[in-house]
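Trainee: I am new to this structure and would like a close look at one part of it, the places where helices pack against each other. Please put that part in the setting of the whole chain.

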Amino acid sequence: MNTDSSTDSGGDARPASALTQMGAALSQAPGAVFKAWSSWVPIRSLAPRHRARILRHLLSLGPDDRYLRFGYPASDEQIGRYAESLNFERDEVLGIFNRRLDLIAMAHLAYEPAPQRPDKPPMVEFGVSVLNKNRGRGFGARLFEHAALHARNRGIDTMFIHALSENTAMLRIARNAGATVERDGPDSEAWLRLPPDSVSSHVGEAIERHAAELDFQLKRHAHAVGEFIEAIGEVKSGVSDTRRAGRE
């Protein structure tokens with residue numbers, strides 16, 4: 001390790017989702033419930049059928065964001081190979097959709113069969129990307145919390161992050177969650193110890209999953225209704241133009 005490396009350390013973290021916080025707030029003032037609800041972000045598990053959306057999302061990243069996400073200036077071809085290689089049976093891929101059903105943020109939780117470091121137990125590696133126009137809304141941190149809950153419920157005790165040292169946003173998320181961060185020149189690594197799973201953690205993940213699915217279906221139906229109304233408007237506009245042309 002380079003002699004100019006620096007270390008920041010934190011204790012064990014117990015990330016709590018907004019819905020979990022909401023449940024705790026039910027016994028408190030209504031204002032606490034509203035605050036927890038307003039901070040909730042629907043996060044959906046992605047499947048092979050979402051591969052095209054994932055590819056569009058990653059291709060929408062600019063050169064700097066691609067460099068920070070992959071650790072190198074990934075080309076369109078390299079991103080295409082990455083999207084095609086995603087193993088949805090082994091790994092967990094999470095996504096946040098906007099009202100137009102665009103994938104605006106995603107995280108990849110990679111379950112590697114072997115430890116990333118010989119002196120540490122098996123870990124799960126976390127990577128995240130958020131479209132530039134959707135930054136500053138806490139999506140990266142929410143995806144990190146959800147990924148930690150998912151890993152915890154599958155018996156993983158450590159989340160691992162490998163990032164460029166200049167990727168301050170990612171390292172800030174890790175530090176804020178209580179991760180230990182080590183810097184070695186241009187690269188940094190972070191480890192977050194996770195608490196054991198519990199009935200509460202499994203129930204919390206199930207609630208999050210079903211709520212996110214309901215949110216997605218509502219958005220999908222609203223999107224379909226919007227397109228239908230827009231199509232009717234275009235038909236009406238075409239009829240009006242035809243009638244006007246006929247009168248002329």
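Mentor: Of the 248 residues of the protein chain, 41% count as buried. Bear in mind that this is a predicted model. The chain's secondary structure comes to eight helices and eight strands. Its exposed surface is about 14000 Å², and carbon and sulfur atoms supply 53% of that area. Among contacts in the chain with a separation of 6 or more, 66% are between residues 24 or more positions apart.

Now to the helix pairs. Two packed helices are described by the angle between their axes and the distance between the axes. Both quantities are available for two pairs here.

Take helix H3 (residues 51–59) and helix H5 (residues 76–85). Their axes come within 10 Å and cross at roughly 150 degrees. Angles over 145 degrees count as roughly antiparallel, so H3 is roughly antiparallel to H5. The crossing of H3 with H5 is right-handed. On the H3 side, the contact is made by Arg51, Leu55, Leu58 and Leu59. On the H5 side, Asp76, Ile79, Gly80, Tyr82, Ala83, Glu84 and Ser85 take part. Sorted by character, the residues of this contact are six nonpolar, two polar and three charged. The charged ones are Arg51 of H3 with Asp76 and Glu84 of H5.

The other pair is helix H6 (residues 139–152) and helix H7 (residues 168–176). Here too the axes come within 10 Å, and they cross at roughly 45 degrees. H6 and H7 are therefore oblique to each other. Their crossing is right-handed. H6 contributes Gly140, Ala141 and Phe144 to the contact, while H7 contributes Met170, Ile173 and Ala174. These residues divide into five nonpolar, one polar and no charged. The polar one is Gly140, because glycine is placed in the polar group.

Some single residues elsewhere help to fill in the setting. Start with Tyr67, which lies in helix H4 (residues 63–70). Its relative accessibility is 30%, so Tyr67 counts as partly exposed. Leaving aside residues up to four places away in sequence, Tyr67 touches Tyr72, Pro73, Leu164 and Glu166. Tyr67 and Asn167 are 100 residues apart in sequence, yet their C-alpha atoms are 9.5 Å apart in space.

A similar kind of link can be described for Leu218. This residue is in helix H8 (residues 199–247). With a relative accessible area of 53%, Leu218 is exposed. Leu218 and Arg99 are 119 residues apart along the chain, and 9.3 Å separates their C-alpha atoms.

Last comes a residue outside the helices. Leu101 lies in the loop between strand E3 (92–97) and strand E4 (103–111). Its relative accessibility is 7%, so Leu101 counts as buried. The backbone of Leu101 is worth a look as well. Most residues other than glycine have a negative phi. Leu101 is not a glycine, but has a positive phi of about 65 degrees.

To return to the part you asked about: H3 and H5 are roughly antiparallel, whereas H6 and H7 are oblique. The contact of H3 with H5 includes three charged residues, and the contact of H6 with H7 has no charged residue.

Conventions. Residues numbered from 1 in each chain as written. Predicted model: local features only at pLDDT ≥ 70, side-chain atom pairs only at ≥ 80, totals over all residues. Heavy atoms only, no water. Axes fitted to C-alpha atoms, helices over the stretch in contact; angles between N-to-C directions. Helix = DSSP H or I, 4+ residues; strand = E, 2+ residues; numbered from the N terminus. Parallel < 35°, antiparallel > 145°, perpendicular 65-115°, else oblique. Left-handed = near helix turned anticlockwise from the far one by under 90°. Contact = heavy atoms within 4.5 Å. Buried < 20%, exposed > 50% of the residue type's maximum accessible area, 1.4 Å probe, protein only. Areas by Shrake-Rupley, 256 points an atom, 1.4 Å probe, with all protein chains shown as cover.
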